[in-house]
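Reader: I'm new to this one. Could you show it to me and take my questions?

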Amino acid sequence: MSSFEWSLVSLLSSSIEQCESIEFMPLTSTDEYQVHCHCEENRYLCINVDEIRQIVNLCYSLIFSKDALDNNQLNSVTRVLLCCITECLTSWNIRRRLVLAKNILIPQELQFTEKLLYLRPKSEQLFRYRRWLIQKMNNTDEIPVAKEFEICTRASERHFINYASWSYRRWVVDYFHVDLDEELNRNRLWLETNISDSSGFSYRGFLLSRKGFSEQLIEQELKLDENWLKFYVDRESIWIYRQTLVFIALTISSIDRKAFLTKELDLVKIFRENFFSIRFSRLLNTLLSS
């Protein structure tokens with residue numbers, strides 16, 4: 001490993017550690033010097049997008065070289081590589097070993113993953129690693145659940161239908177025994193500004209299943225869905241959620257099947273006819289005749 005190679009990795013690693021967020025962007029170089037990264041206000045790290053391939057190849061060559069790296073070097077190399085390729089499982093496994101050996105402290109590693117999640121909000125490996133870190137903590141009371149929700153919300157808003165983020169949020173709800181009513185309210189507020197994201201509705205169905213289906217609960221959700229349809233009748237996500245609620249309602253023994261479906265058919269008539277309302281009406285008629 002040449003002195004230039006290590007100085008470059010060391011520079012990038014220390015910059016990543018000190019800055020709050022990371023971005024890839026073109027940086028101006030000259031014939032006299034080459035700009036690999038630039039810190040703005042000691043808060044935002046900009047990495048030269050034209051140098052990513054060189055940086056990635058360098059990190060891989062160091063990790064898989066015949067010369068063994070010490071723990072500090074492995075920490076630096078994998079930190080830099082994961083900023084470029086967050087799905088590199090080898091790097092995550094190396095960092096897991098460093099965490100178990102206490103060469104990396106979990107609180108600092110959680111901060112690192114938070115930075116990466118802003119850069120790569122849909123990385124499944126990144127969410128899995130953060131979940132593993134939390135499970136390795138002796139005292140989960142040190143983890144502010146509000147912070148985990150904040151990270152999930154930001155990731156979901158930065159990437160539409162973010163499966164990795166919503167799956168992680170499900171895990172947070174179960175692992176920390178979150179109050180379901182409070183989370184349902186947070187989800188309702190989020191959906192009102194992200195009404196087309198079907199993943200948010202799927203997550204709401206998950207919360208209802210954890211709470212336990214009842215006739216009263218389903219009626220409340222149907223009323224909420226009806227209010228949304230009054231403003232967003234052309235949004236498929238709302239119609240699909242209502243279809244889900246109908247199927248759930250039909251599994252509740254206290255609900256009169258025929259009266260319930262007839263009521264739903266009458267309700268559809270008050271909305272402007274479109275492709276989704278027609279399809280929903282056909283489904284209701286099929287269920288009534290079956």
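Reader: In what order do the three strands form the open sheet?
Author: This is a predicted model, where local features need pLDDT of at least 70, side-chain atom pairs count only at pLDDT 80 or more, and totals for chains, interfaces and linings use all residues. Residues are numbered from 1 along each chain as its sequence is written, and side-chain values use heavy atoms, leaving out hydrogens and water. Strands here are DSSP runs (E, at least two residues; helices are H or I, at least four), numbered from the N terminus. The pairing is mixed (two strands pair if DSSP finds at least two bridges between them), and the order is 1-3-2.

Reader: Which are the edge strands?
Author: Look for strands that pair on one side only. Those are strand 1 (21–25) and strand 2 (37–40).

Reader: What is the bridge partner of I22 in strand 3?
Author: Strand 1 and strand 3 (residues 44–48) run parallel, joined by five bridges. In strand 3, I22 has as its bridge partner L45.

Reader: How do helix 12 and helix 13 run, roughly parallel or roughly antiparallel?
Author: The axes of helix 12 (residues 236–249) and helix 13 (residues 257–268) come within 11 Å and cross at roughly 165°. Axes are lines fitted to C-alpha atoms over the stretch in contact, with angles from 0 to 180 degrees between N-to-C directions. Under 35 degrees counts as roughly parallel, over 145 as roughly antiparallel, 65 to 115 as roughly perpendicular and the rest as oblique. Helix 12 and helix 13 are therefore roughly antiparallel.
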